[in-house]
Structures are given as C-alpha cells and as structure tokens.
Amino acid sequence: MYWFISAFLVASAIFFLAPEKISLEANNAKIKRHLPVSLLILPLIVLGWLVIDTVANGTNYATVAAFGFVTTACLIALPKLHKFIMPSALLTAVALIIMVFMRMN
C-alpha cells in the first residue's frame, strides 16, 4: 500500500517540477521506429509474471490494480493504442479505491 502512495508522490513531484521546455522538445522529436517495441519489453515481462502469480495464488484487487498499471505502461508505449489509456487508468483507479475501502473495514 505504501508503494502506491510513494508512486503517486513521485509522479506528482515530477509533474510539477519538470520544466515545460523539455516536454515540448520531446513532443517535437521524432521517435525511432524500433523504440516503441523496445519499450514494451519490461511491461510484458512484468505482465507475464503477474499472470503466473495470479494463476498460482488467485486474484484480488491488488492484482487487478497491478494489471491496470502494467497495461497502462504497455498502452503508453504504443501510439496507436493511446485511446485505451483512459479506460485502463479508470480500471486501475476503481481497483485502488475498492482496495482502500476494504482496508478500512
């Protein structure tokens, strides 16, 4: 649970502290042709590990949230699939909210 909070804090700090000029330069730079596929290697390895863990130990809302995080990373890597980022993020957010409510009870 603490890693969710720390990831949110780190992402917020990067969002607020990153200079705008860097993000504009990144948008204008051309991406190499093989780069999106190479960006998928780590998320696909983690997704495979999550599938094996889920089959072995069963599922819960933490597993659904982890799938959502990894799926969002895969969708970000492929520009053609950017339209599915918001549904994946919504699934992750719902799983996290349910997880928090289950911890409170």
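Reader: What pattern does the protein follow along its sequence?

Author: The pattern is α-α-α-α-α-α, and the count is 6 helices and 0 strands. Helices (H or I, at least four residues) and strands (E, at least two) are DSSP runs, numbered from the N terminus. One thing to know early: this is a predicted model, in which local features need pLDDT of at least 70 and side-chain atom pairs count only at pLDDT 80 or more, while totals for chains, interfaces and linings use all residues. Residues are numbered from 1 along each chain as its sequence is written, and side-chain values use heavy atoms, with hydrogens and water left out.

Reader: How do you know that the length of helix α4 agrees with its number of residues?

Author: The expected span is 1.5 Å times one less than the number of residues. For the 17 residues of α4, residues 41-57, that gives 24 Å, and the end C-alpha atoms are 24 Å apart, so the two agree.

Reader: And what does the check give for α6?

Author: Its 20 residues should span 28 Å, and its end C-alpha atoms are 29 Å apart, which agrees.

Reader: Why is L50 called buried?

Author: Three words share one scale: buried means under 20% relative accessible area, exposed over 50%, and partly exposed in between (1.4 Å probe, protein chains only). L50, found in α4, has a relative accessible area of 7%, so L50 is buried. Across the protein, 19% of the 105 residues count as buried.

Reader: Then what makes L91 and P87 a case apart from "buried" or "exposed"?

Author: Let's set both values on that scale. L91 lies in α6, and its 46% relative accessibility makes it partly exposed. P87 lies in α6 too, and at 47% it also counts as partly exposed. N60, in the loop between α4 and α5, is partly exposed as well, at 44%.

Reader: Which residues of α4 are buried, and how do you know that they line one face?

Author: They are P43, L50 and T54. Down the axis of α4 they fall within an arc of 35°, so they line one face of the helix. The arc is that of the directions from the helix axis to the C-beta atoms. On the other side, I41, I45, W49, I52, V55 and A56 are exposed.

Reader: What puts the buried residues of α6 on the same side?

Author: The residues in question are I85, S88, T92, A95 and M99. They cover an arc of only 105° around the axis, which puts them on the same side of α6. The face turned away carries the exposed residues M86, L90 and M104. A useful rule goes with this: an α-helix has 3.6 residues a turn, so residues three or four places apart point the same way.

Reader: Why are α5 and α6 called roughly antiparallel?

Author: Axes are lines fitted to C-alpha atoms, for helices over the stretch in contact, and angles run from 0 to 180 degrees between N-to-C directions. Angles under 35 degrees count as roughly parallel, over 145 as roughly antiparallel, 65 to 115 as roughly perpendicular, and the rest as oblique. Helix α5 (residues 61-77) and helix α6 (residues 85-104) pack at about 160°, with axes 8 Å apart. They are therefore roughly antiparallel to each other.

Reader: What about α4 and α5?

Author: Their axes come within 9 Å and cross at roughly 160°, so this pair is roughly antiparallel to each other.

Reader: What is the handedness of these crossings?

Author: A crossing is left-handed if the near helix is turned anticlockwise from the far one by less than a right angle, and right-handed if clockwise. The crossing of α5 and α6 is left-handed, and α4 also passes α5 in a left-handed crossing.

Reader: What is L50 in contact with, leaving aside its neighbours within four places in sequence?

Author: L50 is in contact with A66, F67 and V70 (contact means heavy atoms within 4.5 Å). The C-alpha atoms of L50 and V70 are 9.3 Å apart, with their positions 20 residues apart in sequence. In the α4 and α5 contact, L50 is one of the residues from α4, while A66, F67 and V70 are among those from α5.
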